[in-house]
Structure formats: C-alpha cells, structure tokens
Amino acid sequence: MRENMFNEELQLFRDMVQLFIKNEIIPNVEEWSKAGVVSREIWRKAGETGLLGTDAPEVYGGAGINDFRYNTVIIEEIWRSGVAIGFSITNDLVIPYLMRYATDEQKQRWIPKLCSGEHVSALAMTEPIAGSDVAGTKTTAILNGDHYVVNGQKTFITNGVLADLVIVAVKTDPQAGAKGMSLLVLERGMEGFTHGSPFEKIGQKSQDTAEIFFSDVKVPIENRLGEEGRGFQYLMENLPQERMTIAVGAMAAVEAMLDYTIEYCQERKAFGQSIGSFQNSKFKLAEMKTEAEVGRVFIDDCILQLNAKTLSPEKAAMAYASYSESFKSGGWNAYFISTMEQFDYDAEYVSSVELGYKSTMMNNRLRLNAAYYTSKFTDFQVYQFQQTTKGQTFITLTNAGKVSSSGFELEASFIPVSGLTLSATLGNNDTNYDEFKDGGGPGVDYSGNKLEFSPENNNSFSIDYRYPVGNFGRLKFHYDKANKAGFFTNNNNNKETNWVEAHSIANLGVGLEAASGKWSINYVINNLDDTEYLINKTESFLRFPRVHRGLPKTSKFSVKYNF
C-alpha cells in the first residue's frame, strides 16, 4: 500500500527530510529541550530546504505542490525522530487558512515570510475555559472605527513563544454565539499582545507551548481573515486536514515505538535467549503489529481521500480519535453483582443482587467512571440505634423483607503510583422498603410501617491500596469517608411523618480480590464508625437522634460478572 502511495520523487523528498533532521535538528535537541523552545534559525533553514509551504503557490515562495503526501512525509519523519517542532502548524493549519480566506494583499503580505521561515506562525483557539467548545470562546474583538480592540487570553498554543503571526478566534459579537465568531490575524509587536513562558511539559519538551494574552490590542480591520461572523464556519471547514495532521503523526509514532520494541525484544536476553523468542512475547508483538498495520491502511486511505477532496470531517475525526487520543473510553458495559454481607452481632446474612451499566474514560493515571445501578435486597434487617433522654442507647432489629435501590454514581480516581488509588465519588440513589414485619424499639412502633425514601445524595472520598498476590489475586486495604443525606416518609397507621436522615461514615477494611476474565470475587472485612442524625420534620423538632460509633465488624463477599 505504501509503495503505491509514495513514488520515486516522494521517496527522494523523504531522504532529504531525513538528512535535514539528522544534520540540523538532532544535534540541537538537548539544548532546545532544556530551553523549552527551538531556535529561530532552524525555521529559516527549513524554509531554505523547502520544508515550509510545500502547497503554497510559487508566487508566494512555496513549492506549489498541492499534495498532502509531501506534508505527510515531513510530519512522519519528525515524529519518528522523537523531536517536537511545529512545522506542521505553518504547513497544515495557518497557510491553508490564508490560502482559503485571505485577500490577495494579505497573502502577499504574510505567506512569503512563512515559506521562508522568517516568520513563525500559530493558531489560537483554546482558552482556559474553552477547549473543544470553540463556540464558547470568551476572547472579544470589538469594532472601533477602523480597528478591532481585542481582549482575552489563549492557552496551550503551539509556537506561542516564537510566533510572529497568530490567527486568533475571537467573538466580534459576544451575544451571537457561534455566529458571532471571527478570525483575526495578530502580529508580533502589536501593543498589548504578549506571551507567557514556555510550559514545562511531560513530553515534546523542545516544542514551545505557551499562553498568549491580549490587553486592548488594536488590530486593523485589514487583518480580519474572511468575513465577520463566519469564523466558526471557517474553523469547521479546515478540520479534516487539521485532524489528519495529528493522526498521521500519531500513526508514525506508533510504528516507531513498535520498531523500538521489536529491536529491544531481540537484543534483551533472559534465561539464555532473547525475550522476543518467548511465546507470550510473540503473541503480544503479533497483536501490536496487527493493530499497527490496520491503522496504517486506514490512515493512508484517509490521506488519499484528503488529496481527492472527499475526506469527510467525520472520517477525519475517526482517524484522529482512533490513533491519537490519550484518553480512551471503555464504552458502556453491563455488570452483575451478587453480594452477601454478615454483621458480627447477628448471624443472618444480608443478600443483594445488583445490575448496572458503567462507562470509563481513562489514561495512565486518571480514571473517570459513570455508573447506573439497581439493587434488590432479601432478608434485609434494619438495626435501629436509639438514644433516650437519659443517654441510654438501645439496638433494635426490624425485618424489612424486601428492599430495592437504584441510583447513579460519578467517580474520579487518581493513581499516583501503581497499586494506589485515590477516589472521590458523587452519587444519588432512591431506596424503597416493603412493610416491616417486626415491631421497633422504645418510643416508636415500626409494625406495619412502610418507609418511602426520596433520592439520597451522597459523596465520599476513598483510598485503596492493592498488593498483588499470585497471578490473579490482590490484597486490598481500603479506607473511605462518606457523607450521606436523605429524606423519607414513614407511614404508620395512616399517619404520615417526614424525616431527614444524615450520616457521616468512616470505613476501614482489609480484604482479598481475585479476577479472571470477566469474573471477579471480592471478600472484605470492615470496621465502621457511623454518626447518624434523624430529624422529625413533621413535628419540627429533633426526635430520636441516633449517634452510634464503633459498629462491630462486617464481612462482605461479592461476585461480579461483566457482560
């Protein structure tokens, strides 16, 4: 497939790009990485070599080759080299905008200096509170006679430090939403136009990325790109090539990493042989190679479609999302949990069945999980902790028969080191109890009652540490602190009483987990510390406040299956 895409001329061009990277870029990477920005000289050399403005007309100093395969070669070789430098911002973003929407005068004024490398360019859309939501842009450009007055801020701008020319997404009509957006070209030296220091990033350290600021910047109306109010449309029209720029680079990085991995597996020795000769290593390498090959065929097809002007924004988004996104969604999947729980002060178990759906988005350290669940309890017992005016505490038992619960939870987890998880959860659930079988304790009769719970709000913070045991098991240490608040109605002999119930719960547990395939088993022993307040809202005073601490241990066994 690649042989059909790249003819001899393109291969010669690739050889030239590789030589340029070897001689002009690689020797300077360490210096640039420390500085957080490349030199201006490398831009001028790239312009002299013909790596900038490949598809710009020759009259403006470009190569006049309207073929994205040339852009592809530059992107691939830079990504394969492991060097971060923003040539593609000029080639694949800024110059295409200027070619489409700039006037002849604007093209003559800006494009030649971009092709020669004399000027560095940037595209500024992202804001501190508006990333993918471009229509939510807050930077304003208010027309005042023959110029616009620009105020606002952009962030994560590639080439933000070196940029001499920046295409900026602004709101010329803040009340019109996306229809009030326009594109202005700001130039270095305009009063009030400044940039911050390069960000210190985890990777791509030589690529300057910075914030840029606008404080009453006067931008001549002649620097507006295209028509006023059509900026959002222009941004959407250029998405296919912008997305392909990222997808092409990501695919090249995948292939480079796979090559490094195979080389390492062939060289690294263990037990008298290369680790690549082990059967499991062969399986894994074959899987990775297969995924890379499938991705390559798809990306190359998108490149040809882009050249033919038939690549849709949707298909470009597929390429972008499939091979460049660091966050991956696990998708919605159903799960089934069966649980048995025993309290030390009673021999009987509480059993429940839970069905739910969950979706997880994650990278290496952050996980976001959303879950909907519904539970059914059988042989459920309610333990009433009641405190009298004399300070005596009574524990009474009420059999609820059947209890149902359903709810929604949103959880964010952070994994600072392997095995340690910090989680915060927000939830909302609704619980219903059937009529109680037994009477209650002092001062209240639950016989024949029916409790109706409105949705209960809860939030919690937890810490989990898991230590591997064997191939499938883990020793789990768990701590959580939760706050819950709910409202319920007690119907007793046609008399309705409304209550507010609040809990502050601390839970410390230790247990074992085991997982294989779609099955997982969990056994945990917990120590609970529960402070509960029960307020009678109907009679407007605190009645039967229940404060109980140091509950006995509970043991919980659950089996989970993911469909």
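How many salt bridges does the structure hold? The count comes to 21, where a salt bridge is a side-chain nitrogen of Lys or Arg within 4 Å of a carboxyl oxygen of Asp or Glu. Before going further, it helps to know that this is a predicted model, so local features need pLDDT of at least 70 and side-chain atom pairs count only at pLDDT 80 or more, while totals for chains, interfaces and linings use all residues. Residues are numbered from 1 along each chain as its sequence is written, and side-chain values use heavy atoms, with hydrogens and water left out.

First, the overall picture. The protein has eleven helices and 21 strands; these are DSSP runs numbered from the N terminus, with helices (H or I) needing at least four residues and strands (E) at least two. Of its 563 residues, 43% are buried. Here buried means under 20% relative accessible area, exposed means over 50%, and partly exposed is in between, using a 1.4 Å probe and protein chains only. As for contacts (heavy atoms within 4.5 Å), 66% of those between residues at least 6 apart in sequence join residues at least 24 apart.

Now back to the salt bridges. Side chains of opposite charge can pair when their charged atoms come close. One such pair is Arg 109 with Glu 105, whose closest N and O atoms are 2.8 Å apart. Both sit in helix α7 (residues 104-116), and because they are four residues apart there, about one helical turn separates them. Arg 109 is partly exposed at 28% relative accessibility, and Glu 105 is partly exposed too, at 45%.

A second pair is Glu 255 and Arg 296, with an N to O distance of 2.8 Å. This pair ties together distant parts of the chain, since Glu 255 belongs to helix α9 (residues 239-267) and Arg 296 to helix α10 (residues 279-307), 41 residues apart. Glu 255 is buried, with a relative accessible area of 16%, and Arg 296 is buried at 5%. Arg 296 also has another partner: its side chain meets that of Asp 300 in a salt bridge of 2.9 Å, N to O. Arg 296 and Asp 300 are both in helix α10, four residues apart, or about one turn of the helix. Asp 300, at 0% relative accessibility, is buried as well. These three residues are part of a wider network of salt bridges that links Arg 14, Glu 76, Glu 77, Arg 80, Glu 255, Arg 296 and Asp 300.

Next comes helix packing, with helix α5 as the one to follow. Helix α5 (residues 68-81) packs with helix α6 (residues 87-101) at an angle of about 155°, their axes lying 11 Å apart. Axes are lines fitted to C-alpha atoms, for helices over the stretch in contact, and angles run from 0 to 180 degrees between N-to-C directions. The two helices are therefore roughly antiparallel, a label for angles over 145 degrees (under 35 is roughly parallel, 65 to 115 roughly perpendicular and the rest oblique). Where α5 meets α6, Phe 68, Asn 71, Ile 74, Ile 75 and Ile 78 of α5 touch Phe 87, Ser 88, Asn 91 and Asp 92 of α6. That contact is made of five nonpolar residues, three polar and one charged. In this count, Ala, Val, Leu, Ile, Met, Phe, Trp, Tyr, Cys and Pro are nonpolar, Asp, Glu, Lys and Arg are charged, and the others, Gly among them, are polar.

Helix α5 also packs with α10, at an angle of about 145° and with axes 9 Å apart. On the α5 side the contact uses Phe 68, Arg 69, Thr 72, Glu 76 and Arg 80, and on the α10 side Arg 296, Ile 303, Leu 306 and Asn 307. Three of the residues in this contact are nonpolar, two are polar and four are charged.

Finally, two residues show how the chain folds back on itself. Gly 231 lies in helix α8 (residues 231-237) and is buried, with a relative accessible area of 0%. Its C-alpha atom is 6.9 Å from that of Ala 169, which is 62 residues away along the chain. Leaving aside neighbours within four places in sequence, Gly 231 is in contact with Met 181, Ser 182 and Leu 183. Ser 33, in helix α3 (residues 29-35), is partly exposed at 26%. Ser 33 and Ser 206 are 173 residues apart in sequence, yet their C-alpha atoms are 4.0 Å apart. Not counting residues up to four places away in sequence, Ser 33 touches Lys 205 and Ser 206.
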